[in-house]
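Look at the chain first, and then at the molecule bound to it. The paragraphs below go through the contacts of that molecule and the space around it.

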Amino acid sequence: MSESYLPSLLTDSPEAGFQLAIKLSRLGVKFTQPDAEVRDRLRPQYAQNADSLTMASQVVAINFQTVAAANNYWR
Ligand code: HEM
């Protein structure tokens, strides 16, 4: 990742902000487990597990709080 993967927290809309929150969440996983083969192998497990999906959603929600605050809640 040579170019900036997080040039700005500012987004044009809440929807774009939510996409950024998803991106941040996925990047967290990628930095935590850099091995794509391992991530690919684990993907079917969490994709089929309600608690894992709920936890993933929670991480997105936490990141969305930060993005929303940075954008002054798009007011
Ligand atoms: C796919 C989000 C945790 C591995 C995806 C997709 C989303 C997502 C939205 C679908 C992308 C698409 O089909 O366009 C998240 C979030 C996570 C999380 C928010 C938790 C914060 C994990 C973990 C692993 C993982 C823990 C494995 C260690 C993968 C893989 C794919 C995937 C391999 C398939 C990528 C592809 O098909 O190109 N994830 N994920 N994710 N995720 Fe996660």
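A nitrogen atom of the ligand is 3.4 Å from an N or O atom in the side chain of Arg26. This is a polar contact, meaning a pair of N or O atoms within 3.5 Å; within protein, one must be able to donate a hydrogen and the other to accept it, and residues adjacent in sequence count only if both atoms are side-chain atoms. A polar side-chain atom of Tyr46 lies 2.6 Å from a nitrogen atom of the ligand.

The model is predicted: local features need pLDDT of at least 70, side-chain atom pairs count only at pLDDT 80 or more, and totals for chains, interfaces and linings use all residues. Residues are numbered from 1 along each chain as its sequence is written, and side-chain values use heavy atoms, with hydrogens and water left out.

Tyr46 also serves the metal. Its OH, 1.9 Å away, is the single donor from the protein to the iron atom of the ligand. Donors are N, O and S atoms within 2.8 Å of the metal (3.2 Å for Na, K and Ca); water is not among the atoms, so sites may look incomplete.

Tyr46 is placed in helix α2, residues 36–47. The protein chain has 3 helices and 0 strands, in the order α-α-α along the sequence. Helices (H or I, at least four residues) and strands (E, at least two) are DSSP runs, numbered from the N terminus.

Which helices surround the ligand? α1 (14–32), α2 and α3 (50–70) each supply at least two residues of the shell, and α2 gives the most, with 5 residues. A residue belongs to this shell if one of its heavy atoms lies within 4 Å of the ligand. Among the shell residues are Ser25, Val29, Arg39, Leu42 and Val60. The shell divides into 6 nonpolar, 1 polar and 4 charged residues. Here Ala, Val, Leu, Ile, Met, Phe, Trp, Tyr, Cys and Pro count as nonpolar, Asp, Glu, Lys and Arg as charged, and the others, Gly among them, as polar.

The C-alpha trace of the protein chain spans about 40 × 35 × 15 Å along its principal axes.
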